[in-house]
Structure formats: structure tokens, C-alpha cells
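Reader: I am new to this structure and should like to be guided through it by questions. Might we begin once it is displayed?

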Amino acid sequence: MVYITRALVDVLLDLASDADPDRVTTGVSVTPAGELEGAGGIPPETPVFTDFFLPDPGNSVNAVFGVDLSTPARQAQGQFASHPLRELEVTKRDDLAQVIFVAVPPWTTDEDSFGAFDRNGDRKPLEIIDAEPPEQSLSG
């Protein structure tokens with residue numbers, strides 16, 4: 001089972017809708033369920049996807065050398081990819097992260113519009129939960 005917060009799904013679908021007809025790809029990261037408010041029925045150590053990294057389509061280093069310097073790989077446990085041409089599957093163009101979320105128009109949470117896949121392209125059971133990550137302060 002793959003868990004993701006409703007707030008993250010909403011943001012990812014908004015990014016996809018805003019970019020349509022272009023694709024969007026971005027890293028997504030997890031928070032242990034025990035640190036979330038509203039994830040009571042999930043074991044505390046279970047990873048829940050809660051956050052994303054802002055996509056940077058104008059990254060010239062990535063375009064020239066094929067290296068993404070904006071998001072350290074160890075910080076993103078998953079990947080999100082929008083497919084405006086309605087391919088609800090993992091394609092050769094998608095980063096093969098452990099978990100890949102794919103969205104297609106009409107950009108909803110319906111099973112035929114949003115799904116989770118493993119790096120082999122097999123669909124994973126997905127549960128969207130109404131949980132909130134802990135408040136974070138920038139004055140660390």
C-alpha cells in the first residue's frame with residue numbers, strides 16, 4: 001500500500017493542470033505516519049508521501065549535462081509525472097524511482113486519472129489520507 005496526503009495530491013494535480021499541455025515531473029518525499037496529524041490508523045513508521053520539490057523546467061545544467069542538481073536524490077523517495085496525453089502508466093521518459101505517481105487529464109483523484117506505480121510499471125494500491133505534516137519553521 002502506498003499512502004499520500006490529500007493536500008499533496010491536490011498540489012500535484014494543480015501543477016499538472018497548470019502545465020497542460022506540457023508534462024511536469026518532480027520529486028516527492030515522505031514523512032513517517034507517526035509524525036502526521038490525522039494518520040491514526042496507520043502504523044507510526046509507515047512512510048506517507050507529504051511533500052514535493054518545485055519543478056525547475058529551466059535548469060540549464062540539467063538540459064546540457066543530464067544532471068539534476070536541484071533535488072538531492074536521497075531526499076526524494078518518489079517521483080510525480082503528469083501525462084497530458086492520457087497514458088496512465090509509467091513510460092520510458094519517467095524517472096524510475098521506487099514509487100512513481102502518474103496523473104492524466106482530467107486531473108482528478110479518480111482511479112483512471114491518478115495512480116501509483118513501482119519502478120517496473122506495476123500499479124500499486126494507493127490510499128489518499130486526510131493527514132497533515134507537522135508545522136515547519138524557517139527560523140531553525
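Reader: Which residue is the bridge partner of G78 in β5?

Author: The model discussed here is predicted. Strand β4, residues 78-82, and strand β5 pair in the parallel sense, with five bridges between them. For G78, the bridge partner in β5 is V99.

Reader: Which residue in β6 is the bridge partner of F101?

Author: Strand β6 covers residues 114-118 and pairs with β5 in the antiparallel sense, again over five bridges. Within β6, the partner of F101 is A116.

Reader: How many of the residues of β5 are buried?

Author: Strand β5 spans residues 99-103. V99, F101 and A103 point one way from the strand, I100 and V102 point the other way, and all are buried. The strand is thus mostly covered, and the number of its buried residues is five of five.

Reader: In what order do the strands of the sheet stand?

Author: Eight strands form an open sheet, and the pairing in it is mixed. At the edges stand β7 (123-124) and β8 (126-129); each has a single partner strand, so one side of each is left without a neighbour in the sheet. The order is β7-β6-β5-β4-β2-β3-β1-β8.

Reader: Which residue in β3 stands opposite S29?

Author: Strands β2 and β3 run antiparallel and are joined by five bridges. Opposite S29, in β3, stands D51.

Reader: What angle does the direction of α1 make with that of β1?

Author: Helix α1 packs on the sheet. The strands touched by α1 are β1, β2, β3, β4, β5, β6 and β8. Between the direction of α1 and that of β1 the angle is about 75°.

Reader: How many aromatic pairs does the structure hold?

Author: A pair of aromatic rings is described by the distance of the centres and the angle of the planes. Ring pairs link F49, F101 and F114 into a cluster. The number of aromatic pairs in the structure is two.

Reader: What is the geometry of the pair that F49 and F101 form, and how many residues apart in sequence are the parts it ties together?

Author: The pair of F49 and F101 is edge-to-face, with 5.0 Å centre to centre and 85° between the planes. F49 lies in strand β3 (residues 47-52) and F101 in strand β5, so the pair ties together parts whose separation in sequence is 52 residues.

Reader: Is F101 buried or exposed, and what is its relative accessible area?

Author: A residue counts as buried under 20% relative accessible area. F49 meets this with 5%. F101 is likewise buried, with a relative accessible area of 0%.

Reader: What angle lies between the planes of F101 and F114?

Author: F101 and F114 form a stacked pair with 6.0 Å centre to centre. This pair links distant parts of the chain, F101 in strand β5 and F114 in strand β6, 13 residues apart. F114 is buried, its relative accessible area being 2%. The angle between the planes of F101 and F114 is 15°.

Reader: Which element supplies the largest share of the largest nonpolar core?

Author: In soluble globular proteins, nonpolar side chains tend to be buried together. The largest nonpolar core here has 17 residues, and those with the most contacts inside it are I4, V28, F49, F80, F101 and F114. At least two residues of this core come from each of β1 (2-5), α1 (6-19), β5 and β6. The largest share, five residues, is supplied by α1.

Reader: How many residues make up the other core?

Author: This core lies apart from the largest one. Among its members are L36, I42, I129 and A131. Its number of residues is eight.

Reader: Is T91 buried or exposed, and with which residues is T91 in contact beyond its neighbours within four places in sequence?

Author: T91 is placed in the loop between β4 and β5. T91 is buried, because its relative accessible area of 16% is under 20%. Beyond neighbours within four places in sequence, the contacts of T91 are R23 and H83.

Reader: What distance separates the C-alpha atoms of G38 and D130?

Author: G38 is found in the loop between β2 (25-32) and β3, and G38 is exposed, with a relative accessible area of 61%. Leaving aside neighbours within four places in sequence, G38 is in contact with D130 and A131. Although G38 and D130 are 92 residues apart along the chain, their C-alpha atoms are separated by 6.4 Å.

How values were computed:
Residues numbered from 1 in each chain as written. Predicted model: local features only at pLDDT ≥ 70, side-chain atom pairs only at ≥ 80, totals over all residues. Heavy atoms only, no water. Buried < 20%, exposed > 50% of the residue type's maximum accessible area, 1.4 Å probe, protein only. Helix = DSSP H or I, 4+ residues; strand = E, 2+ residues; numbered from the N terminus. Pairing = 2+ DSSP bridges. Contact = heavy atoms within 4.5 Å. Phe/Tyr/Trp six-rings, centres within 6.5 Å; stacked < 30°, edge-to-face > 60°. Core = buried A, V, L, I, M, F, W, Y, C linked by side-chain atoms within 4.5 Å. Axes fitted to C-alpha atoms, helices over the stretch in contact; angles between N-to-C directions.
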